[in-house]
Amino acid sequence: MACLGGACRLLPAASRAKAYSLPLLSRPPSISLSSVKCLRSSPSAFPLFLNRKFQSRSLVHPPSAGGAVGSPTCFASNPDQLKSAREDIKELLKTKFCHPILVRLGWHDAGTYDKNIEEWPRQGGANGSLRFEIELKHAANAGLVNALKLLQPIKEKYSTVTYADLFQLASATAIEEAGGPKIPMKYGRVDVSGPDQCPPEGKLPDAGPPSPATHLRDVFYRMGLNDKEIVALSGAHTLGRSRPERSGWGKPETKYTKDGPGAPGGQSWTVQWLKFDNSYFKDIKEKRDLDLLVLPTDAVLFEDPSFKVYAEKYAEDQETFFKDYAEAHAKLSNLGAKFDPPEGFST
């Protein structure tokens with residue numbers, strides 16, 4: 001079995017025997033071929049088995065129990081390592097209380113997508129480009145270097161998981177571990193290869209534009225999202241805090257944030273800002289607590305006639321909010337992603 005130049009093919013039986021006899025591919029009968037990587041974009045495959053920095057590695061399905069080699073499938077990320085990475089992320093969340101920033105990391109990697117551009121990766125989206133310094137320095141990404149630092153040890157531990165998959169896995173896991181809905185995720189996102197493939201600055205939403213409703217629609221419609229999805233995704237502000245030193249918005253601290261958990265300070269949208277529920281919509285609607293943050297792009301959800309239909313519904317019905325949020329989050333996480341295999345895979 002060989003995978004070269006991005007394509008997998010079957011070797012003739014004699015060639016397979018010869019290939020398996022090579023030192024780098026030799027194995028005792030008890031070892032599965034699931035660790036063999038599908039190598040791309042290299043005329044000389046074998047040296048890349050030793051290159052830890054080679055990012056585009058994929059899983060190849062092992063021969064069937066009868067000994068015949070079936071059709072191989074190449075994955076951008078190793079499914080088994082993805083499952084293990086999820087467990088490590090859960091432990092990270094328990095100790096660092098970093099749910100909000102991991103959600104933001106996944107969103108900001110995907111949220112640069114432009115449906116009007118067909119070429120990958122120029123169209124932006126969930127492609128792992130946010131790991132590069134040039135994009136981390138975009139004003140909208142202030143502080144996200146801390147999220148990358150939290151995830152880097154996990155990436156190094158599970159080297160056959162792409163950054164694009166890791167960012168979206170961390171984001172969905174953070175929602176679920178905070179009490180939110182199960183996100184119907186798929187994986188297999190391919191990473192961009194260098195900082196020259198990062199999107200230009202200015203693709204992400206602002207907190208206080210002159211016309212909040214128009215701005216939200218300009219940004220999210222460009223991604224191919226609609227009014228219901230805009231409102232549902234806004235509900236993720238039930239998690240987290242705004243820090244004025246990063247965004248220019250919010251108070252330095254409130255009675256809800258002065259003692260943490262995690263690093264103290266900032267202003268939260270909700271009282272229990274590490275719990276995912278529909279309190280964001282309830283609190284905006286009631287406007288009773290001055291220690292809770294309401295940005296112009298939050299307030300407009302109850303002012304714009306189309307947005308208000310969904311915001312009112314979510315304030316009254318958490319089950320409907322969870323359903324719509326899960327669908328919108330999954331859709332956002334797939335924007336601009338190049339999947340390998342093309343249909344993606346679940347874990």
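Colleague: What does Glu91 count as, going by its relative accessibility?

Modeller: This is a predicted model, and what follows is computed from it. The buried class ends under 20% and the exposed class begins over 50%. Glu91 has a relative accessibility of 44%. That value lies in between, so Glu91 counts as partly exposed.

Colleague: Which residue forms a salt bridge with Glu91?

Modeller: The partner is in helix 2, three residues from Glu91, or about one helical turn. It counts as exposed, at 53% relative accessibility. The closest N and O atoms of the salt bridge are 3.2 Å apart, and the partner is Lys94.

Colleague: What separates Lys90 and Glu87 in helix 2?

Modeller: The side chains of Lys90 and Glu87 meet in a salt bridge, with 3.4 Å from N to O. Lys90 is partly exposed at 23%, and Glu87 counts as partly exposed at 41%. An α-helix has 3.6 residues a turn, so residues three or four places apart point the same way. Lys90 and Glu87 are three residues apart in helix 2 (residues 79-96), and the separation is therefore about one helical turn.

Colleague: How many residues apart in sequence are the parts that Asp114 and Lys203 tie together?

Modeller: Asp114 forms a salt bridge with Lys203, with the closest N and O atoms 3.6 Å apart. Both Asp114 and Lys203 are buried. Asp114 sits in the loop between helix 3 (99-110) and helix 4 (133-136), and Lys203 in the loop between helix 6 and helix 7 (212-222), so the parts they tie together are apart in sequence by 89 residues.

Colleague: How many salt bridges does the structure hold?

Modeller: Some of them are linked in a network, which takes in Lys251, Lys255, Asp289 and Asp291. Among the others is the pair of Asp114 and Lys203. For the structure, the number of salt bridges is 20.

Colleague: Which helix gives the most residues to the largest nonpolar core?

Modeller: In soluble globular proteins, nonpolar side chains tend to be buried together. Here the largest nonpolar core has 73 residues, and those that touch the most other members are Ile89, Leu102, Leu151, Phe276, Phe281, Leu301 and Tyr325. The helix that gives the most to this core supplies eight residues, and it is helix 6 (residues 163-177).

Colleague: Which domains does this core lie between?

Modeller: Leu102 is one of the core residues that touch the most other members. Leaving out residues up to four places away in sequence, Leu102 touches Ile89, Leu92, Leu93, Ala147, Leu151, Phe167, Ala170, Ser171 and Ala174. The core lies between two domains because both give residues to it: domain 1 (79-202) and domain 2 (212-326).

Colleague: How far apart are the end C-alpha atoms of helix 12?

Modeller: Helix 12 has twelve residues, and at 1.5 Å a residue it should span 16 Å. The distance between its end C-alpha atoms agrees with this, at 17 Å.

Colleague: Within what arc do the buried residues of helix 12 fall?

Modeller: The buried residues of helix 12 are Phe307, Ala311, Tyr314 and Ala315. Seen down the helix axis, they line one face, while Pro305 and Glu316 are exposed on the other side. The buried residues pack against helix 7, helix 8, helix 10 and helix 13. They line one face because they fall within an arc of 100°.

Colleague: Which residues of helix 10 are buried?

Modeller: Helix 10 covers residues 279-286. Its buried residues pack against helix 8 (227-234), helix 11 (296-299), helix 12 (305-316) and helix 13 (318-334). They are Ser279, Tyr280, Phe281 and Ile284.

Colleague: Which residue with a positive phi follows helix 10?

Modeller: Most residues other than glycine have a negative phi, and most peptide bonds are trans. Phe97, in the loop between helix 2 and helix 3, is not a glycine yet has a positive phi of about 50°. The residue after helix 10 also has a positive phi, near 50°. It is exposed at 57% relative accessibility, and its name is Lys287.

Colleague: Which residue does a cis peptide bond join to Gly260?

Modeller: A cis peptide bond joins Trp120 and Pro121, with omega about 0°; Pro121 is in the loop between helix 3 and helix 4. For the bond at Gly260, omega is about 10°. The partner of Gly260 lies in the loop between helix 9 (244-247) and strand 4 (267-268), and it is Pro261.

Methods
Residues numbered from 1 in each chain as written. Predicted model: local features only at pLDDT ≥ 70, side-chain atom pairs only at ≥ 80, totals over all residues. Heavy atoms only, no water. Core = buried A, V, L, I, M, F, W, Y, C linked by side-chain atoms within 4.5 Å. Buried < 20%, exposed > 50% of the residue type's maximum accessible area, 1.4 Å probe, protein only. Helix = DSSP H or I, 4+ residues; strand = E, 2+ residues; numbered from the N terminus. Domains from an automatic or database assignment. Contact = heavy atoms within 4.5 Å. Salt bridge = Lys/Arg side-chain N within 4 Å of Asp/Glu carboxyl O. Expected span 1.5 Å × (residues − 1). Arc of directions from axis to C-beta.
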